[in-house]
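Here are a few exercises to work through with the model open beside you. Try each task before you read its solution.

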Amino acid sequence: MAIDKSMNVLIVDDYKTMLRIIRNLLKQIDFNNVEEASDGSEALSKLRGGNYGLIISDWNMAPMTGLQLLQEVRADHRLKTTPFIMITAESKTENVVAAKAAGVSNYIVKPFNAETLKDKIEKVLAHA
Amino acid sequence: MLDVPEDGRLSGLDALKQKLASIREQQPGIEAGLVTEVVRAVLTTISDDLTAKEAALLREVEELGRTIASAKSDIAALRVDDINDHDIPFATDELDAIVEHTAHATNAILESCEMLDEVSATLSGDPAARLQAATTKIYEACSFQDITGQRITKVVTTLKAIEQKVVHIIGTFGPSIGSMKPTIGPVANGADLLNGPQLPAQAMDQSDIDKLLADF
(Lines give C-alpha, C1' and ligand atoms only; values in the text may rest on other atoms or scores of the structure.)
Protein backbone atom coordinates (compact mmCIF):
# COMPACT_ATOMS: atom_id res chain seq x y z
CA MET A 1 0.00 0.00 0.00
CA ALA A 2 1.35 3.42 -0.99
CA ILE A 3 2.09 5.74 1.89
CA ASP A 4 0.53 9.17 1.82
CA LYS A 5 3.55 11.36 2.53
CA SER A 6 1.47 14.53 2.47
CA MET A 7 -0.05 13.61 5.84
CA ASN A 8 0.54 15.82 8.87
CA VAL A 9 3.18 14.42 11.21
CA LEU A 10 3.54 15.64 14.78
CA ILE A 11 6.98 15.31 16.36
CA VAL A 12 7.28 15.77 20.12
CA ASP A 13 10.53 16.35 21.99
CA ASP A 14 11.73 18.81 24.60
CA TYR A 15 15.14 19.08 22.88
CA LYS A 16 14.85 21.58 20.05
CA THR A 17 17.89 19.99 18.44
CA MET A 18 16.15 16.63 18.24
CA LEU A 19 13.03 18.21 16.75
CA ARG A 20 15.21 19.82 14.12
CA ILE A 21 17.05 16.56 13.37
CA ILE A 22 13.87 14.50 13.08
CA ARG A 23 12.20 17.18 10.96
CA ASN A 24 15.16 17.19 8.55
CA LEU A 25 15.30 13.40 8.40
CA LEU A 26 11.56 13.30 7.65
CA LYS A 27 12.03 15.92 4.95
CA GLN A 28 14.70 13.74 3.34
CA ILE A 29 12.15 10.94 3.02
CA ASP A 30 9.53 13.35 1.67
CA PHE A 31 7.42 14.01 4.75
CA ASN A 32 7.16 17.78 4.48
CA ASN A 33 4.10 18.54 6.61
CA VAL A 34 5.72 18.29 10.00
CA GLU A 35 4.65 20.12 13.14
CA GLU A 36 6.41 20.25 16.48
CA ALA A 37 5.51 20.16 20.18
CA SER A 38 7.89 20.40 23.10
CA ASP A 39 6.02 18.21 25.58
CA GLY A 40 3.02 15.92 25.94
CA SER A 41 0.56 18.63 26.94
CA GLU A 42 1.33 20.83 23.94
CA ALA A 43 1.20 17.78 21.68
CA LEU A 44 -2.20 16.72 23.01
CA SER A 45 -3.56 20.17 22.46
CA LYS A 46 -2.33 20.19 18.84
CA LEU A 47 -3.61 16.67 18.22
CA ARG A 48 -7.09 17.54 19.49
CA GLY A 49 -7.19 20.65 17.33
CA GLY A 50 -5.77 19.15 14.15
CA ASN A 51 -5.58 16.16 11.90
CA TYR A 52 -2.40 14.08 12.09
CA GLY A 53 -1.50 10.81 10.41
CA LEU A 54 1.54 10.01 12.57
CA ILE A 55 2.92 10.92 15.98
CA ILE A 56 6.63 10.59 16.74
CA SER A 57 7.37 11.29 20.38
CA ASP A 58 10.17 11.27 22.90
CA TRP A 59 9.43 9.74 26.33
CA ASN A 60 11.41 11.91 28.72
CA MET A 61 9.56 15.22 28.86
CA ALA A 62 7.86 17.32 31.49
CA PRO A 63 5.21 18.00 32.64
CA MET A 64 3.57 15.31 30.50
CA THR A 65 5.82 12.42 29.48
CA GLY A 66 5.66 10.62 26.16
CA LEU A 67 4.12 7.62 27.88
CA GLN A 68 1.35 9.74 29.34
CA LEU A 69 0.79 11.31 25.93
CA LEU A 70 0.49 7.84 24.42
CA GLN A 71 -2.03 6.84 27.10
CA GLU A 72 -4.06 9.99 26.48
CA VAL A 73 -4.01 9.42 22.72
CA ARG A 74 -5.13 5.82 23.07
CA ALA A 75 -7.93 6.87 25.45
CA ASP A 76 -9.21 9.53 23.06
CA HIS A 77 -11.98 8.29 20.78
CA ARG A 78 -10.85 10.38 17.81
CA LEU A 79 -7.09 9.87 18.19
CA LYS A 80 -6.85 6.30 19.42
CA THR A 81 -5.92 4.73 16.08
CA THR A 82 -3.25 7.31 15.16
CA PRO A 83 0.10 5.56 14.64
CA PHE A 84 2.45 6.45 17.48
CA ILE A 85 6.21 5.87 17.38
CA MET A 86 8.25 6.38 20.54
CA ILE A 87 11.83 7.56 19.96
CA THR A 88 13.70 7.53 23.23
CA ALA A 89 16.96 6.86 25.03
CA GLU A 90 14.96 4.74 27.49
CA SER A 91 16.03 1.28 26.41
CA LYS A 92 15.23 -0.87 29.43
CA THR A 93 12.89 -3.81 29.02
CA GLU A 94 10.42 -2.28 31.47
CA ASN A 95 10.14 0.82 29.31
CA VAL A 96 9.47 -1.11 26.12
CA VAL A 97 6.94 -3.32 27.92
CA ALA A 98 5.14 -0.30 29.40
CA ALA A 99 5.02 1.45 26.02
CA LYS A 100 3.74 -1.66 24.28
CA ALA A 101 1.10 -2.17 26.96
CA ALA A 102 0.00 1.43 26.44
CA GLY A 103 -0.43 0.78 22.72
CA VAL A 104 2.72 2.11 21.07
CA SER A 105 2.93 1.32 17.35
CA ASN A 106 6.71 1.04 17.32
CA TYR A 107 9.69 1.93 19.47
CA ILE A 108 13.01 3.41 18.35
CA VAL A 109 15.94 3.66 20.71
CA LYS A 110 18.27 6.67 20.57
CA PRO A 111 20.75 7.11 19.05
CA PHE A 112 19.02 5.96 15.88
CA ASN A 113 19.78 6.22 12.20
CA ALA A 114 17.72 7.47 9.29
CA GLU A 115 17.24 3.99 7.91
CA THR A 116 15.67 2.76 11.17
CA LEU A 117 13.35 5.76 11.26
CA LYS A 118 12.28 5.21 7.65
CA ASP A 119 11.80 1.48 8.21
CA LYS A 120 9.64 1.93 11.34
CA ILE A 121 7.52 4.66 9.76
CA GLU A 122 6.83 2.49 6.72
CA LYS A 123 5.91 -0.45 8.95
CA VAL A 124 3.48 1.43 11.19
CA LEU A 125 1.84 3.25 8.29
CA ALA A 126 1.47 0.00 6.37
CA HIS A 127 -0.56 -1.38 9.28
CA ALA A 128 -2.53 1.81 9.92
CA MET B 1 13.38 12.62 85.06
CA LEU B 2 14.40 9.08 84.34
CA ASP B 3 11.72 6.43 84.58
CA VAL B 4 13.29 4.29 87.28
CA PRO B 5 11.27 1.40 88.74
CA GLU B 6 9.96 1.82 92.28
CA ASP B 7 12.47 -0.54 93.79
CA GLY B 8 15.26 1.55 92.25
CA ARG B 9 16.74 -1.44 90.44
CA LEU B 10 17.12 -1.93 86.74
CA SER B 11 15.41 -5.16 85.85
CA GLY B 12 17.68 -5.85 82.92
CA LEU B 13 18.66 -4.87 79.41
CA ASP B 14 15.14 -3.71 78.51
CA ALA B 15 14.98 -1.33 81.42
CA LEU B 16 18.27 0.21 80.40
CA LYS B 17 17.16 0.57 76.79
CA GLN B 18 13.98 2.17 78.05
CA LYS B 19 15.97 4.75 79.97
CA LEU B 20 18.06 5.63 76.91
CA ALA B 21 14.97 5.86 74.69
CA SER B 22 13.32 8.06 77.27
CA ILE B 23 16.29 10.43 77.28
CA ARG B 24 16.26 10.61 73.49
CA GLU B 25 12.53 11.37 73.42
CA GLN B 26 12.80 14.10 76.01
CA GLN B 27 15.92 15.64 74.48
CA PRO B 28 15.95 14.97 70.70
CA GLY B 29 18.72 17.48 70.13
CA ILE B 30 20.83 16.22 72.98
CA GLU B 31 24.61 16.21 72.56
CA ALA B 32 26.28 12.82 72.40
CA GLY B 33 28.63 13.86 75.19
CA LEU B 34 25.69 14.61 77.44
CA VAL B 35 24.21 11.17 76.79
CA THR B 36 27.54 9.64 77.73
CA GLU B 37 27.59 11.71 80.88
CA VAL B 38 24.08 10.64 81.86
CA VAL B 39 24.90 7.02 81.14
CA ARG B 40 28.00 7.31 83.26
CA ALA B 41 25.93 8.80 86.10
CA VAL B 42 23.39 6.00 85.80
CA LEU B 43 26.22 3.51 85.72
CA THR B 44 27.70 4.97 88.88
CA THR B 45 24.34 4.96 90.64
CA ILE B 46 23.41 1.43 89.82
CA SER B 47 26.77 -0.16 89.27
CA ASP B 48 26.33 -2.45 92.21
CA ASP B 49 23.16 -3.87 90.67
CA LEU B 50 24.34 -4.33 87.10
CA THR B 51 24.72 -7.73 85.57
CA ALA B 52 27.76 -8.38 83.39
CA LYS B 53 25.56 -8.10 80.30
CA GLU B 54 24.21 -4.72 81.35
CA ALA B 55 27.65 -3.42 82.15
CA ALA B 56 28.84 -4.51 78.70
CA LEU B 57 25.91 -2.70 77.11
CA LEU B 58 26.74 0.48 78.99
CA ARG B 59 30.33 0.28 77.83
CA GLU B 60 29.04 -0.06 74.27
CA VAL B 61 26.84 3.00 74.72
CA GLU B 62 29.78 4.98 76.04
CA GLU B 63 31.83 3.89 73.05
CA LEU B 64 28.97 4.88 70.78
CA GLY B 65 28.95 8.33 72.30
CA ARG B 66 32.66 8.70 71.61
CA THR B 67 32.16 7.49 68.03
CA ILE B 68 29.42 10.06 67.45
CA ALA B 69 31.60 12.83 68.86
CA SER B 70 34.44 11.72 66.60
CA ALA B 71 32.13 11.60 63.55
CA LYS B 72 30.95 15.13 64.28
CA SER B 73 34.52 16.28 64.42
CA ASP B 74 35.35 14.54 61.13
CA ILE B 75 32.31 16.04 59.40
CA ALA B 76 33.23 19.50 60.64
CA ALA B 77 36.72 18.99 59.20
CA LEU B 78 35.23 18.15 55.80
CA ARG B 79 33.82 21.71 55.53
CA VAL B 80 30.55 20.31 54.14
CA ASP B 81 29.08 23.80 53.97
CA ASP B 82 31.60 24.49 51.20
CA ILE B 83 30.44 21.40 49.31
CA ASN B 84 26.82 22.56 49.40
CA ASP B 85 27.40 26.28 49.00
CA HIS B 86 30.11 26.19 46.38
CA ASP B 87 31.37 22.86 45.01
CA ILE B 88 28.10 21.25 43.94
CA PRO B 89 26.53 24.44 42.51
CA PHE B 90 29.80 25.07 40.63
CA ALA B 91 29.79 21.55 39.19
CA THR B 92 26.15 21.74 38.12
CA ASP B 93 26.69 25.18 36.54
CA GLU B 94 29.65 23.81 34.59
CA LEU B 95 27.58 20.88 33.36
CA ASP B 96 24.74 23.21 32.36
CA ALA B 97 27.27 25.25 30.40
CA ILE B 98 28.43 22.12 28.58
CA VAL B 99 24.85 21.39 27.53
CA GLU B 100 24.36 24.98 26.38
CA HIS B 101 27.60 25.07 24.37
CA THR B 102 27.03 21.72 22.70
CA ALA B 103 23.47 22.79 21.80
CA HIS B 104 24.84 25.98 20.27
CA ALA B 105 27.47 24.09 18.28
CA THR B 106 24.98 21.45 17.16
CA ASN B 107 22.56 24.08 15.92
CA ALA B 108 25.35 25.69 13.90
CA ILE B 109 26.15 22.30 12.34
CA LEU B 110 22.48 21.67 11.59
CA GLU B 111 22.12 25.08 9.98
CA SER B 112 25.00 24.31 7.63
CA CYS B 113 23.56 20.91 6.95
CA GLU B 114 20.20 22.40 6.01
CA MET B 115 22.00 24.66 3.52
CA LEU B 116 23.66 21.61 2.01
CA ASP B 117 20.25 19.96 1.72
CA GLU B 118 19.01 23.00 -0.18
CA VAL B 119 21.98 22.72 -2.54
CA SER B 120 21.33 19.00 -2.88
CA ALA B 121 17.77 19.75 -3.98
CA THR B 122 19.11 21.74 -6.94
CA LEU B 123 21.25 18.84 -8.08
CA SER B 124 20.31 15.50 -9.56
CA GLY B 125 21.72 12.03 -9.95
CA ASP B 126 24.75 10.78 -8.07
CA PRO B 127 25.99 14.15 -6.70
CA ALA B 128 22.57 14.83 -5.16
CA ALA B 129 22.39 11.34 -3.65
CA ARG B 130 25.92 11.55 -2.23
CA LEU B 131 25.31 14.97 -0.76
CA GLN B 132 22.08 13.84 0.87
CA ALA B 133 23.74 10.70 2.23
CA ALA B 134 26.38 12.90 3.82
CA THR B 135 23.85 15.25 5.41
CA THR B 136 21.83 12.28 6.68
CA LYS B 137 24.93 11.02 8.49
CA ILE B 138 25.50 14.46 9.98
CA TYR B 139 21.89 14.61 11.22
CA GLU B 140 22.27 11.17 12.79
CA ALA B 141 25.53 12.14 14.45
CA CYS B 142 24.05 15.36 15.82
CA SER B 143 21.67 13.39 17.99
CA PHE B 144 24.69 13.04 20.32
CA GLN B 145 23.61 16.37 21.78
CA ASP B 146 20.36 14.90 23.07
CA ILE B 147 22.07 11.82 24.49
CA THR B 148 24.90 13.75 26.17
CA GLY B 149 22.34 16.22 27.49
CA GLN B 150 20.39 13.40 29.12
CA ARG B 151 23.55 11.84 30.53
CA ILE B 152 24.59 15.17 32.02
CA THR B 153 21.12 15.59 33.49
CA LYS B 154 21.60 12.22 35.21
CA VAL B 155 24.92 13.40 36.65
CA VAL B 156 23.32 16.64 37.87
CA THR B 157 20.51 14.65 39.49
CA THR B 158 23.10 12.47 41.23
CA LEU B 159 24.98 15.52 42.45
CA LYS B 160 21.76 16.98 43.82
CA ALA B 161 20.99 13.70 45.59
CA ILE B 162 24.46 13.80 47.17
CA GLU B 163 23.80 17.39 48.20
CA GLN B 164 20.56 16.33 49.91
CA LYS B 165 22.30 13.49 51.73
CA VAL B 166 25.00 15.89 52.93
CA VAL B 167 22.27 18.22 54.19
CA HIS B 168 20.66 15.28 55.97
CA ILE B 169 23.94 14.28 57.62
CA ILE B 170 24.62 17.84 58.72
CA GLY B 171 21.05 18.08 60.00
CA THR B 172 21.67 14.97 62.09
CA PHE B 173 25.07 15.87 63.45
CA GLY B 174 25.21 19.63 63.14
CA PRO B 175 22.20 21.53 64.48
CA SER B 176 23.33 24.79 62.83
CA ILE B 177 21.83 23.78 59.47
CA GLY B 178 19.33 21.25 60.77
CA SER B 179 16.45 23.31 59.40
CA MET B 180 17.41 22.50 55.77
CA LYS B 181 15.04 19.82 54.49
CA PRO B 182 15.45 17.43 51.56
CA THR B 183 13.26 18.47 48.62
CA ILE B 184 13.07 15.22 46.67
CA GLY B 185 9.36 14.56 46.13
CA PRO B 186 7.23 11.82 44.60
CA VAL B 187 7.59 11.27 40.87
CA ALA B 188 4.78 11.70 38.36
CA ASN B 189 3.17 8.94 36.33
CA GLY B 190 5.54 7.67 33.64
CA ALA B 191 8.46 9.55 35.13
CA ASP B 192 9.05 6.70 37.57
CA LEU B 193 10.26 4.60 34.65
CA LEU B 194 12.76 7.16 33.43
CA ASN B 195 16.27 5.74 33.53
CA GLY B 196 17.86 7.85 30.82
CA PRO B 197 20.44 6.60 28.34
CA GLN B 198 22.15 3.39 29.38
CA LEU B 199 25.88 2.85 29.05
CA PRO B 200 26.64 1.06 25.75
CA ALA B 201 27.68 -2.17 27.47
CA GLN B 202 24.37 -2.35 29.36
CA ALA B 203 21.99 -0.94 26.78
CA MET B 204 19.62 -2.84 24.53
CA ASP B 205 20.20 -2.02 20.89
CA GLN B 206 17.47 -1.61 18.26
CA SER B 207 17.47 -5.32 17.40
CA ASP B 208 16.88 -6.19 21.09
CA ILE B 209 13.99 -3.72 21.18
CA ASP B 210 12.52 -5.22 17.99
CA LYS B 211 12.73 -8.75 19.45
CA LEU B 212 11.09 -7.61 22.66
CA LEU B 213 8.26 -5.92 20.79
CA ALA B 214 7.77 -9.01 18.65
CA ASP B 215 7.25 -11.08 21.81
CA PHE B 216 3.90 -9.42 22.49
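**Exercise 1. Work out how much of each chain is buried, and how its contacts spread along the sequence.**

Start with chain A: 50% of its 128 residues count as buried, that is, have 20 or more other C-beta atoms within 10 Å of their own, with C-beta atoms placed from the backbone. Keep in mind that this is a predicted model, where local features need pLDDT of at least 70 and side-chain atom pairs count only at pLDDT 80 or more, while totals for chains, interfaces and linings use all residues. Residues are numbered from 1 along each chain as its sequence is written, and chains are lettered from A in the order in which they are written.

Next, chain B: 11% of its 216 residues are buried.

Now the contacts, meaning residue pairs whose backbone-placed C-beta atoms lie within 7 Å. In chain A, 63% of the contacts with a separation of 6 or more link residues 24 or more positions apart. For chain B, take the contacts between residues at least 6 apart: 62% of them join residues at least 24 apart.

**Exercise 2. Write out the fold of each chain, then look at how chain A begins.**

Use DSSP runs, with helices as H or I of at least four residues and strands as E of at least two, numbered from the N terminus. Chain A has five helices and five strands, in the order β-α-β-α-β-α-β-α-β-α. Chain B has seven helices and zero strands.

Back in chain A, β1(A) pairs with β2(A) (residues 34-37) in the parallel sense, over four bridges; pairing takes at least two DSSP bridges. Val9(A) has Val34(A) as its bridge partner. Add α1(A) (residues 16-28) between these strands and you've got a right-handed β-α-β unit: with the strands pointing away from you, the path from the first strand over the helix to the second runs clockwise.

**Exercise 3. Explain why α3(A) is largely enclosed.**

Count first: seven of the ten residues of α3(A) (residues 66-75) are buried, so the rest of the structure largely encloses this helix. Gly66(A), Leu67(A), Gln68(A), Leu69(A), Leu70(A), Gln71(A) and Val73(A) are the buried ones. Then look for the cover, which includes β1, α2 (40-49), β3 (54-57), β4 (84-88) and α4 (93-102) of chain A.

**Exercise 4. Describe the contact between the chains.**

Chain B brings 34 residues and chain A brings 31. On the chain B side, α4 (80-122), α5 (125-142), α6 (144-173) and α7 (206-214) each supply at least two residues.

Terms used: A residue is buried if 20 or more other C-beta atoms lie within 10 Å of its own, exposed if 12 or fewer, and partly exposed in between; C-beta atoms are placed from the backbone. Two residues are in contact if their C-beta atoms, placed from the backbone, lie within 7 Å.
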